[in-house]
Amino acid sequence: MHAFDVLGDPVRRRILELLATGERASGEIGAAIQEEFGISQPAVSQHLKVLRENGFASVRAEGTRRLYAVDAAPLRQVDDWLERFRGFWEQRLDALGTELARGKRERRQQEEVSSDD
């Protein structure tokens, strides 16, 4: 399965968002996802399985609990793919930064003129 197929599902994206803050127990993930999306525990387990099998999440046993964590490798691949498109928004952000700085400079100059009066 391609990375974007995995990430295209809102439930799987939400699971990754939960895991981005740190390792979580499968029960905790299940409860949060069931509450937010209204899906069954077996459906949540299937989403976790897709994330595991495609390398986005790892799992380890701690007693009877299963703890999930993000595996960043596939996310780096997505980031690498997005790299070729960053120029589309970075140029606009740079231009916005320039305009904001220009506006601040003009306001400062106006304040200085006003205080000299």
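This report walks through the helix packing, the nonpolar core and a handful of individual residues in a predicted model.

## The nonpolar core

A good place to start is the largest nonpolar core, which has 18 residues. Within this core, Ile15, Ile29, Ile33, Leu51 and Phe56 touch the most other members. Two or more residues each come from α1 (3–7), α2 (10–20), α3 (26–37) and α4 (41–53). The biggest contribution is that of α2, which gives five residues.

Leucine 51 deserves a closer look. Setting aside neighbours within four places in sequence, leucine 51 is in contact with Val6, Arg12, Ile15, Leu16, Phe56 and Ala57. Two of these partners, Ile15 and Phe56, are named with Leu51 among the residues that touch the most other core members.

## How α2 meets α3

Let us turn to the helix pairs. The helices α2 and α3 pack at an angle of about 135°, and their axes are 11 Å apart. That angle makes α2 oblique to α3. The crossing of this pair is right-handed.

On the α2 side, the contact is made by Pro10, Val11, Arg14, Ile15, Leu18 and Leu19. On the α3 side, Ile29, Ala32, Ile33, Glu36 and Phe37 take part. By class, the residues of this contact are nine nonpolar and two charged, with no polar ones.

## How α2 meets α4

For α2 and α4, the axes come within 10 Å and cross at roughly 70°. This crossing makes α2 roughly perpendicular to α4. Here Val11, Arg12, Ile15 and Leu16 of α2 meet His47, Leu48, Val50 and Leu51 of α4. The contact divides into six nonpolar residues, one polar and one charged.

Histidine 47, in helix α4, is part of this meeting. Is histidine 47 buried or exposed? With a relative accessible area of 14%, histidine 47 is buried, because the cut-off for that label is under 20%. Apart from neighbours within four places in sequence, histidine 47 is in contact with Asp9, Val11, Arg12, Ile15 and Ile39.

## How α3 meets α4

The axes of α3 and α4 come within 9 Å and cross at roughly 115°. This crossing, too, is right-handed. From α3, the residues Ser26, Ile29, Gly30, Ile33 and Gln34 meet Gln41, Val44 and Leu48 of α4. Which classes of residue make up the contact of α3 with α4? There are four nonpolar and four polar residues, and no charged ones.

Serine 40 sits in the loop between α3 and α4. At 38% relative accessible area, serine 40 is partly exposed. The C-alpha atoms of serine 40 and alanine 25 are separated by 17 Å, and the two residues are 15 apart along the chain.

## The start of the chain

Methionine 1 belongs to the segment before α1. A relative accessible area of 62% makes methionine 1 exposed. Even so, methionine 1 touches Val6, Val50 and Asn54, not counting residues up to four places away in sequence. From methionine 1 to alanine 73 the separation is 72 residues in sequence and 15 Å in space, C-alpha to C-alpha.

## Two residues of strand β2

Alanine 57 lies in strand β2, which covers residues 57–62. With 6% relative accessibility, alanine 57 counts as buried. Beyond its neighbours within four places in sequence, alanine 57 is in contact with Leu19, Leu51, Arg52, Tyr68, Ala69, Val70 and Asp71. The last of these, aspartate 71, is 14 residues away from alanine 57 in sequence and 4.9 Å away in space, C-alpha to C-alpha.

Arginine 60 also has its place in strand β2. Unlike the buried alanine 57, arginine 60 is partly exposed, with a relative accessible area of 38%. What does arginine 60 touch, not counting residues up to four places away in sequence? Its partners are Glu23, Arg65, Arg66 and Leu67. Between the C-alpha atoms of arginine 60 and arginine 84 there are 35 Å, with the two residues 24 apart along the chain.

Conventions: Residues are numbered from 1 along each chain as its sequence is written. This is a predicted model: local features need pLDDT of at least 70, side-chain atom pairs count only at pLDDT 80 or more; totals for chains, interfaces and linings use all residues. Side-chain values use heavy atoms; hydrogens and water are left out. A nonpolar core is a set of buried Ala, Val, Leu, Ile, Met, Phe, Trp, Tyr and Cys residues joined through side-chain atoms within 4.5 Å. Buried means under 20% relative accessible area, exposed over 50%, partly exposed in between (1.4 Å probe, protein chains only). Helices (H or I, at least four residues) and strands (E, at least two) are DSSP runs, numbered from the N terminus. Contact means heavy atoms within 4.5 Å. Axes are lines fitted to C-alpha atoms, for helices over the stretch in contact, and angles run from 0 to 180 degrees between N-to-C directions. Angles under 35 degrees count as roughly parallel, over 145 as roughly antiparallel, 65 to 115 as roughly perpendicular and the rest as oblique. A crossing is left-handed if the near helix is turned anticlockwise from the far one by less than a right angle, and right-handed if clockwise. Ala, Val, Leu, Ile, Met, Phe, Trp, Tyr, Cys and Pro count as nonpolar, Asp, Glu, Lys and Arg as charged, and the others, Gly among them, as polar.
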